[in-house]
Amino acid sequence: MKEPFLRELYTRTVQRYNRQPNEAEFGGWMDVLKEFDYSDVDAALRRWQNDVMIEEFTHRPIGARMPTPPEVKMSIQVFEAKNALSFTPCRTELCNDGWNYFYKGQFIKRGEIIPLLASAKRCKCHREWIEREKMGEKAS
Ligand SMILES: [Zn+2]
């Protein structure tokens with residue numbers, strides 16, 4: 001994601017924890033989190049803030065303290081790994097494992113007709129499922 005978007009998430013998070021933004025700290029966020037999409041980081045921060053599990057060291061809910069960038073990153077990765085395990089594609093029309101493939105003509109190679117892939121995008125079933133999962137995580 002681009003810097004202004006991450007900065008918005010960072011500023012919002014800092015404000016939520018009643019702290020002052022700090023360029024050095026934001027630099028850490030850039031290093032670790034810029035590779036992710038806005039929606040993934042946004043969802044991970046919301047999950048974190050709603051996490052009521054008591055932490056061993058602080059004896060307070062996890063969500064009571066601001067996460068470090070590696071903790072946000074780990075939350076995204078754990079969430080994605082869980083998704084990969086429980087997702088079932090709809091397999092309707094163009095759907096193939098939650099992806100829609102669009103072809104642009106075809107060519108023949110050694111007597112075999114091979115479709116030419118123009119683009120691939122996530123099927124509606126996958127996008128809807130991600131949204132449901134995010135909501136479920138928020139509620140729990
Ligand atoms: Zn589908």
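N18 sits in the loop that joins helix 1 (3–16) to helix 2 (23–33), and in this predicted model the residue adopts a positive phi of about 55° although it is not a glycine. The surroundings of N18 are sparse enough for the residue to be classed as exposed, because 7 other C-beta atoms lie within 10 Å, whereas the exposed class admits residues with 12 or fewer.

A second residue with a positive phi is found further along the chain, in a loop between strands. R110 belongs to the loop between strand 2 (99–109) and strand 3 (112–122), and its phi is about 50° although R110, too, is not a glycine. R110 has 5 C-beta neighbours inside 10 Å and therefore counts as exposed.

From helix 2, which follows the loop of N18, the reader can turn to the packing of this helix against helix 4 (residues 69–86). The axes of helix 2 and helix 4 are 9 Å apart and meet at an angle of about 30°; since angles under 35 degrees count as roughly parallel, the two helices are therefore described as roughly parallel to each other. The crossing of helix 2 and helix 4 is right-handed. On the side of helix 2 the contact is formed by G28, W29, V32 and L33, and on the side of helix 4 by P69, P70, V72 and K73. Sorted by class, the residues of this contact comprise 6 nonpolar, 1 polar and 1 charged; the polar one is G28, because Gly is counted among the polar residues, and the charged one is K73, because Lys is counted as charged.

At the level of the whole chain, the protein is divided into domain 1 (1–83) and domain 2 (87–140). The C-alpha centres of domain 1 and domain 2 are separated by 29 Å, and the contact between them involves 5 residues of domain 1 and 6 residues of domain 2. Which element gives the most to the side of domain 1 that touches domain 2? That element is helix 3 (residues 38–49), which supplies 3 residues. By class, this side of domain 1 has 1 nonpolar, 2 polar and 2 charged residues, while the contact of helix 2 with helix 4 has 6 nonpolar, 1 polar and 1 charged.

How values were computed: Residues numbered from 1 in each chain as written. Predicted model: local features only at pLDDT ≥ 70, side-chain atom pairs only at ≥ 80, totals over all residues. Helix = DSSP H or I, 4+ residues; strand = E, 2+ residues; numbered from the N terminus. Buried ≥ 20, exposed ≤ 12 C-beta atoms within 10 Å, placed from the backbone. Domains from an automatic or database assignment. Contact = placed C-beta atoms within 7 Å. Axes fitted to C-alpha atoms, helices over the stretch in contact; angles between N-to-C directions. Parallel < 35°, antiparallel > 145°, perpendicular 65-115°, else oblique. Left-handed = near helix turned anticlockwise from the far one by under 90°.
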